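Work through the exercises below with the sequence and the model side by side. Try each task before reading its solution.

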Amino acid sequence: MTWRFVLTGGLGLAAVFLVVAGGWIVSLPSASSAGTVKPIPGEETRATIEALKPSKRVRPVIAIVGINDGTEITDYLMPYGILRRADVADVVALATQPGPMVLYPALKVEPQATIADFDAQHPEGADYVIVPAMVREDDPAALRWIRSQAEKGALIVGVCVGAKVVAATGLLDGRKATTHWYSLDAMLKEHPSIRHVADRRFLVDGRVATTTGISASMPMSLTLIEAIAGQEKAEAVAADLGVANWDARHDSGAFTFTRPFALTAIGNSLAFWRRETLGIELSKGVDEVSLALVADAWSRTYRSRVMTFAASADAVESRNGIRIIPDKVSASTTRVPAAPLGSKPAEALDDTLKAIADRYRENTADFVAMQLEYRRRVTPQ
């Protein structure tokens, strides 16, 4: 009788769970409320550029900071790669502690210095500090250092959920801000004095800037280049990236938790027997921006994970000097399909989303694009 009771009770709980879960899924909207993306008024754009102009050095110092045990790959590598290729500032990739840095959802890199090294070399502080998303938004060392840089006059830029890290320092209290759509409610609940502004990919309020989701660090970086070196320089870098425009226009309504998003997440997670590991071969001079976008996108399908491999265990130096530590010395896994690492970064992302659609269907490509807070550019067949 006991086992029958346990079995009946277990089946009953499972049935209740399925009913509750089913009700929750049905309650979700069937689609996002995407609308027309409105242009940004010229006066607002000019004010943003003015607010981002360097206030210390003619050639600014830009520090990108992360924690060693979990910093978002694209938030960390994309601003670094874009700003370094512009060559309008001295850009350094930092970690809070010595040793390798584990990026998520893929890659391991060697930071170029620690925050202590940076302080010793630049006691007057950075001109700009870029703060990516981190697995811990309350890391004491990171928060202390960001506050200290702000006190020295640095303009702090919270990229994606890095806005929550900046919020934890108190620097966003009472200010206008934004963040990744998925984390917005949590940030506003934890920091109710923050004033969210919708339909902006990035915002500047005083000496603090924030962006929406992962892909927004590209227009944010280009706008920073424009503020430092002018529109002509920004246009040249944008062309190299494959970007047509980089202002703050955004449709916040296009990014929300929908029924298709939830069903894709559940379906892909449950299909564990179809999960695969895909390899990306590292080669000297690889474009760290394209690499980050490709690895990030394939790692967010819930159908695949990405590992890197190289001919030896030695770190491989990227186009702009980031040393990437391979996961394996040789590849025993399927390679990422047609990894477009030699393409312009914006094109590499579009090509990757198309490859994901071809391999795992359109709903998974849409699911990944939603996580990146990126509107897919689908080429008509």
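**Exercise 1. Find what the buried residues of helix α13 (residues 362-371) pack against.**

Step 1. Locate the helix; helices (H or I, at least four residues) and strands (E, at least two) are DSSP runs, numbered from the N terminus. This is a predicted model: local features need pLDDT of at least 70, side-chain atom pairs count only at pLDDT 80 or more, and totals for chains, interfaces and linings use all residues. Residues are numbered from 1 along each chain as its sequence is written, and side-chain values use heavy atoms, with hydrogens and water left out.

Step 2. Pick out the buried residues (buried: under 20% relative accessible area, exposed over 50%, partly exposed in between; 1.4 Å probe, protein chains only). They are Thr 364, Ala 365, Phe 367, Val 368, Ala 369, Met 370 and Gln 371.

Step 3. Look for their partners. The buried residues of α13 pack against α10 (259-270), α11 (288-299) and α12 (345-360).

Step 4. Conclude. Seven of the 10 residues of α13 are buried, so the helix is largely enclosed by the rest of the structure.

**Exercise 2. Describe the surroundings of Ser 215.**

Step 1. Place Ser 215: it sits in the loop between β12 (208-211) and α8 (217-229).

Step 2. Check exposure. Ser 215 has a relative accessible area of 8%, so it counts as buried.

Step 3. List contacts (heavy atoms within 4.5 Å). Neighbours within four places in sequence aside, Ser 215 touches Met 78, Arg 201, Leu 372, Glu 373 and Tyr 374. Of these, Glu 373 comes just after α13 and has a positive phi of about 50 degrees.

Step 4. Look for a polar contact (a pair of N or O atoms within 3.5 Å; within protein, one must be able to donate a hydrogen and the other to accept it, and residues adjacent in sequence count only if both atoms are side-chain atoms). The side chains of Ser 215 and Arg 201 make one at 2.7 Å.

**Exercise 3. Trace the open sheet of seven strands and name its edges.**

Step 1. Read the order: β6-β3-β1-β7-β8-β12-β11, with mixed pairing. Two strands pair if DSSP finds at least two bridges between them.

Step 2. Find the edges. β6 (113-114) and β11 (202-205) each have a single partner strand, so one side of each lacks a neighbour in the sheet.

Step 3. Inspect one pair. β8 (residues 155-158) runs parallel to β12 over three bridges. Gly 158 stands opposite Thr 210 in β12.
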